[in-house]
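Student: I should like to go through this structure term by term and ask what justifies each description.
Tutor: Please do; each answer will set a value against its criterion.

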Amino acid sequence: MIINGKKYIFSRGVAFYPEKEMEILKEQAQQGWEFRKMNVLGFLTFIKAAPENKKFSVDFFSGSKDDLEEYLSLYKEAGWESIANYKKKYFYFKADPYTPTIYSDEESYGVRMYKEWIWMFWQHLLFIPIGLLLFWVPVQMGKWKMVHSVWFISVRMLLMFFGTFFTVMPLSVILNVVFSLIIYKDRRKFYNRPEQFAKKQKFRRDMIVLMIIGAIIGALMSYTGLADF
């Protein structure tokens, strides 16, 4: 969609579909849309510019702030220009079409994937105790000796919803990792051919499968708490 001269495209997910992201940026650049950033809502933002034929890279930075300058210098020396970043963890680069990728072998790319997934898990781990607490409160409320009014039931339902959400969130990260390892187990082999791997990825199919699995898990958790309503 285009709003006030800017184009917005929903991100496919820099964590699990960076190859798809690279192809989107490439296609938009060829059409005369220059990538600026990914906003907090997960939309890739573009502005109108001259068409250009470039290749793009989306990489996860696992180092500290002190390592950032060296990290960016490594890309620059290899012919890659840093154009944007998301939360100082995901960096976007562009280069001429025949510029080699930074990763030189499957092992180094596999390490990059492993560090990214571990970081994601720890980032979401804090939500588990919050979710369990929100889930536990309405269960205990159901044991109170009082009339369960519409307001009372509504509050319990709301707490149950957020409890389920915050508990399932970190589990969804694990689910996505396991799903990727099973469905895209050969991803590391395409460390220097991301455009070919992007063709293998079926984003819509994956989302449908993950949503079904997530709905089943969420329903089972909700049923546990709603049994006392």
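Student: In this predicted model, which residue of E2 does Ile2 stand opposite?
Tutor: The model is indeed a predicted one, and in it Ile2 faces Lys7 of E2.

Student: What makes E1 and E2 a pair of strands?
Tutor: Pairing requires at least two bridges. E1 and E2, the latter spanning residues 6-10, are joined by two bridges in the antiparallel sense, so the criterion of at least two is met.

Student: In which order do the four strands of this open sheet follow one another?
Tutor: The order is E1-E2-E4-E3, with antiparallel pairing. E1 (2-3) and E3 (33-38) are the edge strands: each has a single partner, so one side of each lacks a neighbour in the sheet.

Student: Which helix lies across E2, E3 and E4?
Tutor: That is H1, residues 18-30, which runs at about 15° to E4 (43-48).

Student: Why is Thr45 called buried?
Tutor: A residue counts as buried under 20% relative accessible area. Thr45 has 4%, and is therefore buried. Thr45 belongs to strand E4. Apart from neighbours within four places in sequence, its contacts include Lys6, Lys7 and Tyr8, as well as Glu34, Phe35 and Arg36.

Student: Which residues have the most contacts inside the largest nonpolar core?
Tutor: They are Leu44, Phe46 and Tyr92, in a core of 38 residues. The largest share of this core, five residues, is supplied by E7. With neighbours within four places in sequence left aside, Phe46 is in contact with residues including Ile9, Ile24, Leu25, Trp33 and Phe35.

Student: Turning to H2, which of its residues are buried?
Tutor: In H2, residues 65-77, the buried ones are Leu68, Tyr71 and Tyr75.

Student: How do you know that the buried residues of H2 line one face of the helix?
Tutor: Viewed down the axis of H2, they fall within an arc of 70°, so they line one face. In general, an α-helix has 3.6 residues a turn, so residues three or four places apart point the same way.

Student: What covers the buried residues of H2, and what does the face turned away from them carry?
Tutor: The cover includes strands E5 (55-60) and E7 (90-95). The face turned away from the buried side carries Asp66, Glu69, Glu70, Lys76 and Glu77, which are exposed.

Student: Which residue just after H2 takes a positive phi?
Tutor: Gly79 does, with a phi of about 100°.

Key. Residues are numbered from 1 along each chain as its sequence is written. This is a predicted model: local features need pLDDT of at least 70, side-chain atom pairs count only at pLDDT 80 or more; totals for chains, interfaces and linings use all residues. Side-chain values use heavy atoms; hydrogens and water are left out. Contact means heavy atoms within 4.5 Å. Axes are lines fitted to C-alpha atoms, for helices over the stretch in contact, and angles run from 0 to 180 degrees between N-to-C directions. Buried means under 20% relative accessible area, exposed over 50%, partly exposed in between (1.4 Å probe, protein chains only). The arc is that of the directions from the helix axis to the C-beta atoms. A nonpolar core is a set of buried Ala, Val, Leu, Ile, Met, Phe, Trp, Tyr and Cys residues joined through side-chain atoms within 4.5 Å.
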